[in-house]
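Biologist: I'd like to go through this structure with you before I head back to the bench. Could you pull it up so that we can talk it over?

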Amino acid sequence: MITFSIIKKLSAPEVEPQSDVRYLLRQEGRKQSLVLCYAVKRDFLSVPKTYSILEFSADQVLEIHQMSIEDYLDGFEEEMDIPQPGFYQFDTDEPDETSDADEDETDVLVLVISGSVFEVTYQTFEQHEDTYHCANAEQALIQYLSAD
């Protein structure tokens, strides 16, 4: 059975219509990483836009899916509902008869934003410092990568 829960330790995504998400997939040898940049929810509109940076990595191929929320939910056998924008996690750490016991565990993170779903399967992730005063997620991602 797959469990479904909201991840509260990550900054909530902005829900304004013009908010966007950008990501970059990197490969170094066998290791893959995905850098994801998204607008963070603001308390007041006068506060400058802030973007949060998450980096997911895996020693195997990262799985990445992006689709509408309706298409995503249609893929489940049982009825599921994602009520609000935010980060959700499916824990897939139950033993599987076909999996290798030495294989590293993977988790699934789901970002729901603006009627769409972005899902990534990963082994580890790290939250980096927020990026401030950027016009959009692409500029914030470039700023983060140039400092890297």
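**Charged pairs, rings and a pocket**

Modeller: The structure holds 2 salt bridges, and please keep in mind throughout that this is a predicted model.

Biologist: Which residue does glutamate 55 form a salt bridge with, and how far apart are the closest N and O atoms?

Modeller: The partner of glutamate 55 is arginine 26, with the closest N and O atoms 3.0 Å apart. This pair links distant parts of the chain, since glutamate 55 sits in strand 4 (residues 50-58) and arginine 26 in strand 2, 29 residues apart.

Biologist: Is glutamate 55 buried or exposed?

Modeller: Glutamate 55 counts as buried because its relative accessibility is 17%, under the 20% cut-off, whereas arginine 26, at 22% relative accessibility, counts as partly exposed.

Biologist: And the other salt bridge, what does aspartate 20 pair with?

Modeller: Aspartate 20 pairs with arginine 22, and their closest N and O atoms are 3.9 Å apart. Aspartate 20 is buried, with a relative accessible area of 16%, while arginine 22 is partly exposed at 34%.

Biologist: Back to arginine 26 for a second: what is its bridge partner in strand 3?

Modeller: In strand 3 the bridge partner of arginine 26 is serine 33. Strand 2 (residues 21-28) and strand 3 (residues 31-39) run antiparallel and are joined by 8 bridges. Their hairpin has 2 residues between the strands, and glycine 29 takes a positive phi near 65° there.

Biologist: Switching to rings, how many aromatic pairs are there?

Modeller: A search of the whole structure finds 5 aromatic pairs. One of them is tyrosine 38 with phenylalanine 87, whose ring centres are 5.0 Å apart and whose planes lie at 65°, so the pair is edge-to-face. Tyrosine 38 belongs to strand 3 and phenylalanine 87 to strand 6 (residues 86-91), 49 residues apart. Tyrosine 38 is buried with a relative accessible area of 0%, and phenylalanine 87 is buried too, at 2%.

Modeller: Phenylalanine 56 and phenylalanine 125 form a tilted aromatic pair, 5.6 Å centre to centre with 35° between the planes. Phenylalanine 56 lies in strand 4 and phenylalanine 125 in strand 9 (residues 124-132), so this pair ties together parts that are 69 residues apart in sequence.

Biologist: Which residues form one aromatic cluster?

Modeller: That cluster is formed by Phe56, Tyr122 and Phe125.

Biologist: Last topic, what is the volume of the second largest pocket?

Modeller: The second largest pocket has a volume of about 170 Å³. Its lining residues divide into 8 nonpolar, 2 polar and 2 charged, and among them are Lys8, Lys41 and Phe87.

How values were computed: Residues numbered from 1 in each chain as written. Predicted model: local features only at pLDDT ≥ 70, side-chain atom pairs only at ≥ 80, totals over all residues. Heavy atoms only, no water. Pairing = 2+ DSSP bridges. Helix = DSSP H or I, 4+ residues; strand = E, 2+ residues; numbered from the N terminus. 1 Å grid on protein atoms, 1.4 Å probe; cavity = no way out; pocket = protein on both sides within 12 Å on 5 of 7 lines; lining within 4 Å. Points joined across faces, edges and corners; volume = space filled by probe spheres on them. Nonpolar A, V, L, I, M, F, W, Y, C, P; charged D, E, K, R; others polar. Salt bridge = Lys/Arg side-chain N within 4 Å of Asp/Glu carboxyl O. Buried < 20%, exposed > 50% of the residue type's maximum accessible area, 1.4 Å probe, protein only. Phe/Tyr/Trp six-rings, centres within 6.5 Å; stacked < 30°, edge-to-face > 60°.
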